[in-house]
Structures are given as C-alpha cells and as structure tokens.
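Colleague: Please take me slowly through one single part of what is shown below, namely the surroundings of the ligand. I am in my first year, so I would be glad to have each term explained as you use it.

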Amino acid sequence: MVNYTITTATMGERPEITLPNKGFLEALKPSGFMEMINHFYALVLDSDIAYFFPDDEEEIELIKKRNGSYFMMMCGGDERYLTKFGGQFDQIKTHEMFSIPDKARVEWLGCWQIVLEAIEDKVAHKDIQSYWNWLEVFSKHIVNYENDRSTYEDIAKTK
Ligand code: HEM
C-alpha cells in the first residue's frame, strides 16, 4: 500500500527533504523512468495546470528530458542532468516565473499519483512511497502564490 496523502503547503516554507530510495530508479531503469515521465506529461498537459506549460512540442520534449534526467539524478542516478543540460538546478528560480498556488501543486501531485499507481505492480511500494514523499515535500518549496489570488495565468485562461 502506498499512502498518497497531500499535506497543505504554506507559502514561503522550505521543509527539509529526504531523497527517494535508490531502489525506485533501480527497479524502473532509465527507460522505465522516462516512460513514467512521458505518462506524467501526457496527464499534466491535459490537466487544469496545462496552461503553465508551453504549447510547442519540441519545447515539451526538451522539458521532459531535462526534468527526467534531474529526477533520475535525485533518485541516485548519474549526473547526466548536470553534464548534459548544464549547470545547477535551482528549484525556486526555475519556477519563479510562474505564479504557483498550492492548488496548482495539488493538481500536479494528482497527476503524479495516477502515474505512480500505474507502476505499483513493478516497483516495491516502500520505494514508491519514498519517491512520493520527496515529491510531496519538495513541491512545497515552489509554492509562491496565495490560493485565492487570481494569477496572470488565470486571467490568460479566460481570454
Ligand atoms: C518536486 C517538485 C518539482 C520539481 C523537482 C520540479 C522540477 C522541474 C524541472 C527539473 C523542470 C525542467 C526545467 C528545465 O527545463 O530545466 C521543471 C519544469 C517545469 N515545472 Fe517543475 N518541478 C516541481 C514541481 C512543479 C510544480 C508543483 C509545478 C506546478 C505548476 C511545476 C511546473 C513546472 C513548469 C511549468 C515547468 C516548465 C518550465 C518551462 O517552461 O521551461 N513544477 N520542473
């Protein structure tokens, strides 16, 4: 059993994170990991937060590669993210150009839940749990907007 509980983020909090178990990537292997990333982006691009992401397919492919290799690095994979895609990743800076309220984070995590449920027969549940816990806590770092304020993205959506 994996517990996909989502706790509420408070804007500006930066709770300490624990990295996922290496067993998560070891079970999926890089190819399975990238399949999971593809599944996640298919869902996110069809979700209520799709408007955050570019329309251009090539850009999305690049984001998938960068995002996938960064996430694999966090799961104990090699450092290809840094060598291939250049430099450091700053979680806050990468996301600060978007207005991300906690409700967007909850939607984002909801896509992850579906993706992780789909691999429950392939990966040990304790390893999925460790990955979920990392996503759930680390995603709190990028919440930079109050839930009830309308954002530029909300306004764009109604146009
Ligand atoms: C654990 C939490 C998260 C991590 C570690 C993370 C990490 C990343 C990474 C590595 C990329 C690729 C950046 C690049 O191209 O170099 C990315 C892109 C992106 N992320 Fe996140 N992310 C997280 C949560 C979220 C959440 C909650 C949202 C909610 C909306 C979000 C929205 C985006 C968007 C819109 C992009 C595309 C940026 C662009 O257009 O270049 N992310 N993220």
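**The shell around the ligand**

Modeller: Helix 2 supplies the largest share of the shell around the ligand, namely five residues, where a helix is a DSSP run of H or I with at least four residues, a strand is a run of E with at least two, and both are numbered from the N terminus. Please keep in mind that this is a predicted model, in which local features need pLDDT of at least 70 and side-chain atom pairs count only at pLDDT 80 or more, while totals for chains, interfaces and linings use all residues. Residues are numbered from 1 along each chain as its sequence is written, and side-chain values use heavy atoms, with hydrogens and water left out.

Helix 2 (57–74) is joined by helix 4 (91–95), helix 5 (102–117) and helix 6 (125–138), each of which supplies at least two residues of the shell. There are 21 residues around the ligand, and those that come nearest are Arg66, Gln91, His95, Trp108 and Ile142; a residue is near if one of its heavy atoms lies within 4 Å of the molecule. The shell divides into 14 nonpolar, five polar and two charged residues, where Ala, Val, Leu, Ile, Met, Phe, Trp, Tyr, Cys and Pro count as nonpolar, Asp, Glu, Lys and Arg as charged, and the others, Gly among them, as polar.

Two of these nearest residues also have a listed atom pair with the ligand: a polar side-chain atom of Arg66 lies 2.3 Å from an oxygen atom of the ligand, and a polar side-chain atom of His95 lies 2.9 Å from a nitrogen atom of the ligand.

Helix 6, one of the contributors to the shell, deserves a further look. Ten of its 14 residues are buried, so helix 6 is largely enclosed by the rest of the structure; buried means under 20% relative accessible area, exposed over 50%, and partly exposed in between, with a 1.4 Å probe and protein chains only. Among the buried residues of helix 6 are Tyr131, Trp132, Trp134 and Phe138. For the protein as a whole, buried residues make up 42% of the 159 residues.

The length of helix 6 can be checked too: at 1.5 Å a residue, its 14 residues should span 20 Å, and its end C-alpha atoms are 20 Å apart, which agrees. The expected span is 1.5 Å times one less than the number of residues.

How values were computed: Polar contact = N/O pair within 3.5 Å; in protein donor to acceptor, adjacent residues only side chain to side chain.
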